[in-house]
Amino acid sequence: MVPKKCFLTKGVGVHKDKLASFELALRDAKIEKYNLVSVSSILPPNCKIVSRDEGLKELGAGEIVHCVLARNDTNEPQRLVSAAVGTAVPVNEKNYGYISEHHSYGEEEEKAGEYAEDIAATMLATTLGIEFDANSAWQEREQVYKASGHIFDTTHYCQTANGDKEGKWTSVIAAMVFIE
């Protein structure tokens, strides 16, 4: 069971019940009809990232679907929540890449997304033996990683939302969904 394709998706939901809020976030992300199984952070070799619409065409209702899922919830009015996944794809597609998930409070979309991207890229860089200064800013390390000739691309996908003003549950998700 090694996925050949995957896609990114995200969503937000609001409801008085936490579980229903999560369900609405899954619906917003278009992945509510699958039995989701969370897996760790490896992007398989030769796994092509496709559009969400293309990926959804290959999945059927009730199917067991593996994914890297980031999730966050709050019932605190106006509290900013985020869920992000980051990816790092190696130049040599025969090598595996990394996917990271990040869940935070109070971080804007770009900051949370870049953090997830940074984690994935740093994990890949360390496995490839790329030397870098761990204390340097993400933008500096990103250039070092890409200049090494080993990392082809990094990206992130993030969903943020402010908690419902009336205190209903607000859920955010971001996911890399695998197609086997």
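In the predicted model, helix α4 spans residues 138–147 and buries Trp138, Arg141, Glu142 and Tyr145. These four residues cover an arc of only 105° around the axis, which puts them on the same side of α4. The spacing follows a general rule. An α-helix has 3.6 residues a turn, so residues three or four places apart point the same way. The face of α4 turned away from the buried side carries exposed residues, namely Glu140, Gln143 and Ala147. The buried residues of α4 pack against two elements: helix α3 (109–128) and strand β8 (151–162). Gly149 follows α4 and has a positive phi, near 85°.

Helix α1 covers residues 18–29, twelve in number. From its first C-alpha to its last, α1 reaches 17 Å. The span expected at 1.5 Å a residue is 16 Å, and the value for α1 is close to it. Ser21, Phe22, Ala25, Leu26 and Ala29 are the buried residues of α1. They cover an arc of only 145° around the axis, so they lie on the same side of α1. Their packing partners are β1 (5–15), β2 (35–38), α2 (52–56), β5 (64–74) and β9 (169–179).

Positive phi values also occur outside glycine. Most residues other than glycine have a negative phi. Lys30 is not a glycine, yet its phi is positive, about 70°. Lys30 comes just after α1 and belongs to the loop between α1 and β2. Its relative accessibility is 42%; Lys30 therefore counts as partly exposed, as the limits for that class are 20% and 50%. Gln78 is likewise not a glycine and has a positive phi, of about 65°. Gln78 is found in the loop between β5 and β6 (80–90).

A nonpolar patch on the surface is formed by Val37, Val39 and Ile64. Together, these side chains have about 220 Å² of accessible area. Val37 is part of strand β2, one of the elements against which the buried residues of α1 pack. At 33% relative accessibility, Val37 counts as partly exposed. That value also meets the patch criterion of over 30% relative accessible area.

Definitions and conventions: Residues numbered from 1 in each chain as written. Predicted model: local features only at pLDDT ≥ 70, side-chain atom pairs only at ≥ 80, totals over all residues. Heavy atoms only, no water. Buried < 20%, exposed > 50% of the residue type's maximum accessible area, 1.4 Å probe, protein only. Arc of directions from axis to C-beta. Contact = heavy atoms within 4.5 Å. Expected span 1.5 Å × (residues − 1). Patch = residues over 30% accessible without salt bridge, like charges linked within 9 Å, V, L, I, M, F, W, Y side chains within 5 Å. Areas by Shrake-Rupley, 256 points an atom, 1.4 Å probe, with all protein chains shown as cover. Salt bridge = Lys/Arg side-chain N within 4 Å of Asp/Glu carboxyl O.
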